[in-house]
Amino acid sequence: MFIPLHDRNGLKHIKRQYVTHGLIALNVVVWLLTGPLASQEVVQASVLGLGFIPAVVFGSAVLDPSLVLVPDQLTLVTYAFLHGNAIHLATNMLFLWVFGDNVEDALGHVRFLLFYLLCAVAGALAHGALVPTSQSPLIGASGAIAGVVSAYVLLHPKVRIWVLVLFRFPLPLPAFVPLLFWIGQQFWMLGLSRDDNVSWGAHVGGIAAGALLVIFMRRPGVPLFDRAIVTPRAVEQRSIASAPTDGETRDSVGWKP
């Protein structure tokens, strides 16, 4: 068990991770409005009206019309913005904070938003495929976050990230070590139990979608597996502005005296 704390992986194509910040803010606001600041009736109505209920979406059950807030198919997305408690929210948003910026950098703002939502949909569908007649609402951003994690490990497996191992020991590790362990754990838990309160199927669906989508949605020229160093545009511009004079040599990043 580990908690990601920080990665040493700067942005190369964008100035700010606006979509990542926006998603975190939106999740927090929705949680406040449907959780600690809401009455029990509002909490229940939100979970039933915005959560993903496989039996309702797949047509084997019908939600009471008074509880319908959005079209059934739209709950494939809305469920990902609801969280059961502060720990549930904080864990998902921490993963998004640490890993989302570099995936957004590799895809671009608009494509990253689409990527995130598609991973959420994939997580819901995978959950629904395992329990198609379930009338229990699925909530949480875990499916979308799992997609972000799998995309990150394909893009930057060699980048060192600080993780808190066993909630006690901070260690800098290559990203592939803790993240592949985490991904393997999701598949392992899916095989062990389908009756847990955690939807391992949603996690696995998000992982698969993230790994596939990042291959096709990344910017042209962005490598997988850290195979090349992509020079930030700002560095390239400074390099051109400071062309070498006699007696200077050039390295892989810019001009070096």
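This tour of a predicted model goes first to a pair of packed helices and then to a pocket.

**Helix pair**

Select residues 142-155, which form helix α7, and residues 200-217, which form helix α9. Two packed helices are described by the angle between their axes and the distance between the axes. For α7 and α9, the axes come within 7 Å of each other, and the crossing is at roughly 40 degrees. Angles under 35 degrees would count as roughly parallel and those from 65 to 115 as roughly perpendicular; α7 and α9 are therefore oblique to each other. The crossing of α7 past α9 is right-handed.

Next, show the side of each helix that faces the other. From α7, pick Ser142, Gly143, Ala146, Gly147, Ser150, Ala151, Leu154 and Leu155. From α9, pick Ala202, His203, Gly206, Ile207, Gly210, Ala211 and Val214. Coloured by class, this contact shows eight nonpolar and seven polar residues, with no charged ones.

**Largest pocket**

Keep Ser142 and His203 selected, and add Asn197, Val198 and Ser199: of the 39 residues lining the largest pocket, these five lie nearest its centre. The volume of this pocket is about 1,000 Å³.

Now widen the selection to the elements that each give two or more residues to the lining: β1 (2-7), α5 (86-107), α6 (109-130), α7, α8 (176-192) and α9. Which element gives the most to the lining? Select α5, which supplies six residues.

Finally, colour the whole lining by class: 20 residues are nonpolar, 17 are polar and two are charged.

Technical notes
Residues are numbered from 1 along each chain as its sequence is written. This is a predicted model: local features need pLDDT of at least 70, side-chain atom pairs count only at pLDDT 80 or more; totals for chains, interfaces and linings use all residues. Side-chain values use heavy atoms; hydrogens and water are left out. Axes are lines fitted to C-alpha atoms, for helices over the stretch in contact, and angles run from 0 to 180 degrees between N-to-C directions. Helices (H or I, at least four residues) and strands (E, at least two) are DSSP runs, numbered from the N terminus. Angles under 35 degrees count as roughly parallel, over 145 as roughly antiparallel, 65 to 115 as roughly perpendicular and the rest as oblique. A crossing is left-handed if the near helix is turned anticlockwise from the far one by less than a right angle, and right-handed if clockwise. Contact means heavy atoms within 4.5 Å. Ala, Val, Leu, Ile, Met, Phe, Trp, Tyr, Cys and Pro count as nonpolar, Asp, Glu, Lys and Arg as charged, and the others, Gly among them, as polar. On a 1 Å grid over the protein atoms alone, a cavity is a set of points where a 1.4 Å probe fits but cannot get out, and a pocket is an open set with protein on both sides within 12 Å along at least five of seven lines; lining residues have an atom within 4 Å of a point. Grid points are joined across faces, edges and corners, and a volume is the space filled by probe spheres set on the points.
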